[in-house]
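Student: I should like to understand how the descriptive terms applied to a protein model are justified. May we take them one at a time?

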Amino acid sequence: MRTLENTMVDDRDLLLLDRVGTVTQALRNEVAKRIVGQEAVVGGLLTALLANGHVLLVGVPGLAKTLLVSTLADALDLEFGRVQFTPDLMPTDITGTEVIEEDRTSGRRVFRFVRGPIFANVVLADEINRAPPKTQAALLQAMQERAVTASGETMRLAPPFFVLATQNPIEQEGTYPLPEAQLDRFMLELRIGYPDQREEEEIAMRTTGADDGLISPVVAAGELIELQNLVRRVPASPALISFAVRLARATRPSPDAPAVTGKYVSWGAGPRASQFLVLGAKARAAMNGEAMPSIDDVSAVAADVLAHRLVLNFEAEADGRGTHDIISELLEESRLWR
């Protein structure tokens, strides 16, 4: 046994902790072959990957959201499935459907279940808000329970299972808002912004040349599951747990809530947010080679965990306040809790 950051960790865990840093850096390097910049977004994707959580990518068209997901999938030696969400997409187009087959020897007809794209390790739900709620709901059981029920049979999804959804925030024609239950199942909401001029010049140069950036797989399913289990074993202090829970509870309107919450928030984050704050902090610490997360790690993932879980009122809209503004104020106030 050895001591690392005041936490007792066995030699195997120490080696795995080193491996987390090696794997995540290698994944960053592979993604950078095709994606220019967006380091924070890539870091968020890797955080969710290690924490075994799902991610919603939000950004205007042309910011390489789909390319980012497909590139990450190429860098993972995992099965990849893509669903292009459209208004006429049906739930069975995602989960799968039964077909009738005829046995050529006996002439009997039998039903056979044909699995849909949800039966993959990495699933891209492209433009998820273009399908109606009935179709979006096909993802709910898979995202929460890692299982699909069809024709009265519940089938487990092979781990690891990772849903990456993209959404265009500015287009309203032919779109359907994601239900709160759907949003809550995403560990992180990552917003992709425009590149700066230097990055955009690099993008223009790369994408108009002959080199398409060949991606090499970095990690296979077995090792990734092992690293995810390590993140779960990373210890979190009672003080960190208390901070994460208090931060999540501070988003809920109540007589004891911070003033900014009482003024602008209709509904706050639920208990799943507390869980994801702790898991995100653990994953972030492991990526940095730390054997124990700090409160700063919780603060670093707070906006991505909480933003899509807050429902603001009309007063917030009138004052031009968004969810990230509210979270920034809560994080500033949280300095007094430490």
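Student: In which loop is the place of Glu127?

Tutor: This is a predicted model, and in it Glu127 sits in the loop between β8 (122–126) and α5 (133–136).

Student: Why is Glu127 called partly exposed?

Tutor: Its relative accessible area is 28%. Buried means under 20% and exposed means over 50%. The value for Glu127 falls in between, and therefore Glu127 is partly exposed.

Student: What is the sign of phi in Glu127?

Tutor: Phi of Glu127 is near 50°, a positive value, and Glu127 is a residue other than glycine. Asn52 also is not a glycine and has a positive phi, of about 60°. Asn52 belongs to the loop between α2 (39–51) and β3.

Student: How do you know that Asn52 counts as partly exposed?

Tutor: Asn52 has 28% relative accessibility. The partly exposed class lies between the limits of 20% and 50%, so Asn52 counts as partly exposed.

Student: What makes Phe314 exposed?

Tutor: The relative accessible area of Phe314 is 72%. Exposed means over 50%, so Phe314 is exposed. Phe314 lies in helix α14. Between the C-alpha atoms of Phe314 and Leu63 there are 30 Å in space, and the two are 251 residues apart in sequence.

Student: Why does Tyr264 count as buried?

Tutor: Tyr264 has 5% relative accessibility. Buried means under 20%, so Tyr264 counts as buried. Tyr264 is placed in helix α11 (residues 259–264).

Student: Which residues does Tyr264 touch, not counting those up to four places away in sequence?

Tutor: Tyr264 touches Leu312, Asn313, Glu315, Ala316, Asp319, Arg321 and Ile326. For Tyr264 and Thr251, 13 residues apart along the chain, the C-alpha separation is 9.9 Å.

Student: Is Arg233 buried, partly exposed or exposed, and how do you know?

Tutor: Arg233 has a relative accessible area of 45%. Exposed would mean over 50%, and buried under 20%; Arg233 is therefore partly exposed. Arg233 belongs to helix α9 (residues 221–233). With its neighbours within four places in sequence left aside, Arg233 is in contact with Asp13 and Leu16.

Student: In which helix are Asp13 and Leu16 listed as buried?

Tutor: Both are among the buried residues of α1, which also include Leu14, Leu17 and Val20.

Student: How do you know that the span of helix α1 agrees with the expected one?

Tutor: Helix α1 (residues 11–31) has 21 residues, which at 1.5 Å a residue should span 30 Å. The end C-alpha atoms of α1 are 30 Å apart, so the two values agree.

Student: What makes the span of helix α13 agree as well?

Tutor: The twelve residues of α13 (residues 295–306) should span 16 Å, and the end C-alpha atoms are 16 Å apart, so here too there is agreement. The buried residues of α13, among them Ile295, Val298 and Leu306, pack against β12, α10 (238–249), α12 (271–287) and α15 (323–334).

Student: Which residues touch the most other members of the largest nonpolar core?

Tutor: They are Val55, Leu247, Leu277 and Leu306, in a core of 73 residues. The largest share of this core, nine residues, is supplied by α12. A second, separate core has 27 residues, including Phe85 and Ala150.

Student: What makes Leu45 and Phe162 contacts of Val55?

Tutor: Contact means heavy atoms within 4.5 Å. Leu45 and Phe162 are among the residues in contact with Val55 once its neighbours within four places in sequence are left aside.

Student: Which residues lie nearest the centre of the largest pocket?

Tutor: They are Gln167, Pro177, Leu183, Glu189 and Arg191, out of 28 lining residues. The volume of the largest pocket is about 680 Å³. Its lining has 13 nonpolar, nine polar and six charged residues, and α14 gives the largest share, three residues.

Student: Finally, which peptide bond is cis?

Tutor: The bond from Pro159 to Pro160 is cis, with omega near -5°. Pro160 is in the loop between β10 (153–156) and β11 (162–167).

Methods:
Residues are numbered from 1 along each chain as its sequence is written. This is a predicted model: local features need pLDDT of at least 70, side-chain atom pairs count only at pLDDT 80 or more; totals for chains, interfaces and linings use all residues. Side-chain values use heavy atoms; hydrogens and water are left out. On a 1 Å grid over the protein atoms alone, a cavity is a set of points where a 1.4 Å probe fits but cannot get out, and a pocket is an open set with protein on both sides within 12 Å along at least five of seven lines; lining residues have an atom within 4 Å of a point. Grid points are joined across faces, edges and corners, and a volume is the space filled by probe spheres set on the points. Helices (H or I, at least four residues) and strands (E, at least two) are DSSP runs, numbered from the N terminus. Ala, Val, Leu, Ile, Met, Phe, Trp, Tyr, Cys and Pro count as nonpolar, Asp, Glu, Lys and Arg as charged, and the others, Gly among them, as polar. The expected span of a helix is 1.5 Å times one less than its number of residues. Buried means under 20% relative accessible area, exposed over 50%, partly exposed in between (1.4 Å probe, protein chains only). A nonpolar core is a set of buried Ala, Val, Leu, Ile, Met, Phe, Trp, Tyr and Cys residues joined through side-chain atoms within 4.5 Å.
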